[in-house]
Amino acid sequence: MTDLYQAQRAMRQIRRQAMQRGVIAILDVGSSKIACLVLRFDGSERLREDGTIGAMAGQTGFRIIGAATTRSRGVQFGEIVAMQETERAIRTALQAAQKMAGIRVDHVIACLSGASPRSYGLEGEIALDEQIVAEADVGRVMAACEVPDYGVRREVLHAQPVNFALDNRSGLSDPRGQLGQTLSVDMHLLTADAAPIQNLVYCLRRCDLELAGIVSSAYASGMSTLVEDEQELGAACIDLGGGSTGISIFMKKHMIFADAVRMGGDHVTADVSMGLGVPAATAERIKTFYGGVHATGLDDRERIDIGGNTGDWEHDRRSVSRAELIGIMRPRVEEIFEEVRQRLDAAGFEHLPSRQIVLTGGGNQIPGLDGLASRILGQHVRLGRPLRVHGLPQAATGAGFASAVGLALCAAHPQDEWWDFEIPVDRYPAHSLKRAVRWFKDNW
């Protein structure tokens, strides 16, 4: 735990130094595209450390001065599989964003959607020496959490206190200065496979970039698409990406669960390509312009030209009905939502007061997707787009940029993580493994 504490503290220090320079880059490395945003902060007066929980909280003044996107290469299921191709794609997006911003950027905050995320719910409780809760008591109660043995080949992406309880009063966001006898905390720990993270870090180094933070794509998407009431009462964000589908659950404005399904929009495109016998580029175009998940009587009569330029007249004049296309796409979409439902059921999503589900990501543009998701998931479903931030180009306001915009919000409004407290260094991982997110079933 000591090494974990020092590594995360060092990462936050790098991010703080980068933001003090006033400019930082945001990089969303996805399976279908790589998006890059360049942020400029209003001034260093917002970056003073005041000793509170979130040392960098309150940095609201930022503007996007550069944005670029390029086709992703060398990335499958949200993980790098071809280092040189991914490096060239990242350099292309970064150079275009820097050219638009008119400034060079050395530090970057990145997100990834793969790496098999896994959530843990941690609990800690201490008796207070004094009746008034001090900052040292908050550090002690976090150190009292029994950290599970999450594996030697996994790394921690996020570790956040999501609820404090003082005696019989629960739901406290900041217990300092209050009177009580017993202080307890519920924390959410998110881990991921180390190999995909290390590959991403190495790829960024090859691009002459210094990493200032890594964020889960599911977490970033939820931050940008869920409104304040949804984050408070309980909601799930389903990020339908190209190679994977991210799942994040928020409660009391904190993420309490995250997972990923290794299927996405690229799998639907592959099904269309095989089913119709057309190249992947043609299948993507047909899916985008004519795709859907609900067939009607009119779809049987609507014909779609799928021919190419092969020189074979009979082959180039081929056409299919839109109902046939929907019949190819719907089974894969249903399979994705069935996997999502299993993840939500395992997390105990039905115990939340509000069970709103928000669909975002580039794959949510299929007509009728929200209705199909509502029938399979059995909850209220709406389509979500990222929040509008200052300077965001119109081309980057679609659902496919939810992770990139969420990364910008995470950089400007970092949530309070346990690394901001002075935790005793004599704490070591415990051997007990608690069931993920069990705590919110008992408290809400």
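**Overall fold**

I began with the secondary structure and found 14 helices and 18 strands in the chain. I keep in mind that this is a predicted model. Next I looked up burial: of the 444 residues in the chain, 57% are buried. For contacts with a separation of 6 or more, I noted that 72% join residues 24 or more positions apart. The exposed surface of the chain comes to about 19,200 Å², and I see that carbon and sulfur atoms supply 47% of that area.

**Helices α2 and α4**

I then turned to a helix pair. Two packed helices are described by the angle between their axes and the distance between the axes, and I looked up both. Helix α2 covers residues 83-101 and helix α4 covers residues 194-206. Their axes come within 9 Å and cross at roughly 55°. That angle is why I enter α2 as oblique to α4. I also checked the hand of the crossing of α2 and α4, and it is right-handed.

Which residues make the contact? From α2 I listed M83, Q84, T86, E87, I90 and R91; from α4 I listed N199, Y202, C203, L204 and R206. Sorted by class, the contact of α2 with α4 has five nonpolar, three polar and three charged residues.

**Helix α13**

How many residues of α13 are buried? I looked through residues 402-412 and found eleven of eleven buried, so to my notebook this helix goes down as mostly covered. Among the buried residues of α13 are S403, V405, G406, L407, L409 and C410, and the alanines A402, A404, A408, A411 and A412 are on that list too.

**A258**

My next stop was A258, in strand β14, which spans residues 254-261. Is A258 buried or exposed? Its relative accessible area is 1%, and because buried means under 20%, A258 counts as buried. Leaving out residues up to four places away in sequence, I found that A258 touches P117, S119, H188, L190, I247 and S248. I also looked up its distance to R343: the two are 85 residues apart in sequence, and their C-alpha atoms are 9.1 Å apart in space.

**G307**

Last, I went to G307, which sits in the loop between β15 (303-305) and α10 (313-316). Its relative accessibility is 26%, which lies between the 20% and 50% cut-offs, so I put G307 down as partly exposed. From G307 to V320 is 13 residues along the chain, and I noted 10.0 Å between their C-alpha atoms.

Definitions and conventions: Residues numbered from 1 in each chain as written. Predicted model: local features only at pLDDT ≥ 70, side-chain atom pairs only at ≥ 80, totals over all residues. Heavy atoms only, no water. Helix = DSSP H or I, 4+ residues; strand = E, 2+ residues; numbered from the N terminus. Buried < 20%, exposed > 50% of the residue type's maximum accessible area, 1.4 Å probe, protein only. Contact = heavy atoms within 4.5 Å. Areas by Shrake-Rupley, 256 points an atom, 1.4 Å probe, with all protein chains shown as cover. Axes fitted to C-alpha atoms, helices over the stretch in contact; angles between N-to-C directions. Parallel < 35°, antiparallel > 145°, perpendicular 65-115°, else oblique. Left-handed = near helix turned anticlockwise from the far one by under 90°. Nonpolar A, V, L, I, M, F, W, Y, C, P; charged D, E, K, R; others polar.
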